[in-house]
Amino acid sequence: MGAGASTAIGNALSPNTMKKGRRKNRDAMQEGCKTMSEELMEKYDVSKTGTLLPEEVKAIAVDLLREATPLVGGVTDEDIQMVMKLGGASIKPNITIKEIPTALAQLMWLKAENTEYVELFRKYDTDSSGFLPHDQLANLLTDLNENVRVSDAEVEYVMAQSVEEGKEEKGITLEKLKPALAAWYCAERDMQGEVEQQISNAAAPSAEEAAAAPAAAPAEEEAAAPAEEEAAAPAEEE
């Protein structure tokens, strides 16, 4: 067999070989997910319901998220509610064995987010004091604000969400950073909503303008009537 024929046969077989390889990898991954889901269900389904309740999901989260998460306040009820949504809008009362991979994906996203908080805090805690005073917190918020400098009022707002009265000089701790930033994001969204509402109100006619608009119509009709009569007069004379 010539070299050209061997190349042609190889090219013909290659796509099928690649497809089989991808199929084998996919089958192996699916089998691995199934095995892992079965093991997690067996270990954490202490209620023996065949599903995972929120407190059982939290037990999984605590065991899996052992690095960054404890540093930012640990696994919260809000975290578990997010996981129980499985990427949807409503909170499910329990998680089935088929839904465990999706729940784990949510937990891995949470792990990455908490790791980012830790790295962000350490980046701006330049003196390694374990606190972010006003200036360091301002730099952190500016970073999150796409390098647009935040106001002193915003920094003070975030500080007020997490720093005990009388300890403002020390600043915010890593454990309090995540909930404080969550409050800041919510405040920003509310402020944006207020601005949009003000713009909408400014564009809309006032109550006086709206009330006067219908009243202007009859006056316009009366003004148009004489003109119509004058236009009709020559026709009647003819």
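Helices here are DSSP runs of at least four residues, numbered from the N terminus. With that in hand, Lys-48 is easy to place: it sits in the loop that links helix H1 (3-44) to H2. The model is a predicted one, and its loops and helices can be taken in turn after a look at the whole.

Overall, the protein is built from eight helices and zero strands. Read from the N terminus, the order of elements is simply α-α-α-α-α-α-α-α. Of its 238 residues, 26% are buried. The accessible surface adds up to about 16,000 Å², and carbon and sulfur atoms supply 54% of that. As for how the chain meets itself, take the contacts with a separation of 6 or more: 53% of them join residues 24 or more positions apart.

Back to the loop between H1 and H2, where Lys-48 is found. Its phi is near 55°, which is a positive value in a residue other than glycine. Is Lys-48 buried or exposed? Its relative accessible area is 65%, and the cut-off for exposed is over 50%, so Lys-48 counts as exposed.

Next along the chain comes the pairing of helix H2 (residues 54-64) with H3, whose axes come within 10 Å and cross at roughly 105°. That angle makes H2 roughly perpendicular to H3. On the H2 side, the contact is made by Pro-54, Val-57, Lys-58 and Ala-61, while H3 brings in Asp-77, Ile-80, Val-83 and Met-84. Sorted by class, this contact has six nonpolar residues, two charged ones and no polar ones.

Helix H3 itself covers residues 77-85, and its buried residues are Asp-79, Ile-80, Val-83 and Met-84. Why do these residues line one face of the helix? Looking down the axis of H3, the buried residues fall within an arc of 135°, so they end up on one face. The general background is that an α-helix has 3.6 residues a turn, so residues three or four places apart point the same way. Three of the names come up twice: Ile-80, Val-83 and Met-84 are buried and also take part in the contact with H2. Just after H3 comes Leu-86, with a positive phi near 55°.

Helix H4 (residues 100-124) holds Leu-107. This leucine is buried, at a relative accessible area of just 2%. Which residues does Leu-107 touch, leaving aside its neighbours within four places in sequence? The list is Ile-60, Ala-61, Leu-64, Leu-65 and Val-83. Among these, Ala-61 of H2 and Val-83 of H3 also belong to the contact between those two helices. Val-57, another H2 residue in that contact, is 50 residues from Leu-107 along the chain, yet their C-alpha atoms are separated by 9.8 Å.

Past H4, the chain enters the loop that leads to helix H5 (134-144), and Ser-128 has its place there. Ser-128 has a phi near 55°, again a positive value in a residue other than glycine. With a relative accessibility of 63%, Ser-128 counts as exposed.

Helix H5 then has its own set of buried residues: Gln-136, Leu-137, Ala-138, Leu-140, Leu-141 and Thr-142. After H5 comes Glu-146, whose phi is positive and near 60°.

How values were computed:
Residues are numbered from 1 along each chain as its sequence is written. This is a predicted model: local features need pLDDT of at least 70, side-chain atom pairs count only at pLDDT 80 or more; totals for chains, interfaces and linings use all residues. Side-chain values use heavy atoms; hydrogens and water are left out. Buried means under 20% relative accessible area, exposed over 50%, partly exposed in between (1.4 Å probe, protein chains only). The arc is that of the directions from the helix axis to the C-beta atoms. Axes are lines fitted to C-alpha atoms, for helices over the stretch in contact, and angles run from 0 to 180 degrees between N-to-C directions. Angles under 35 degrees count as roughly parallel, over 145 as roughly antiparallel, 65 to 115 as roughly perpendicular and the rest as oblique. Contact means heavy atoms within 4.5 Å. Ala, Val, Leu, Ile, Met, Phe, Trp, Tyr, Cys and Pro count as nonpolar, Asp, Glu, Lys and Arg as charged, and the others, Gly among them, as polar. Accessible areas come from the Shrake-Rupley method with a 1.4 Å probe; for residues, only the protein chains shown count as cover.
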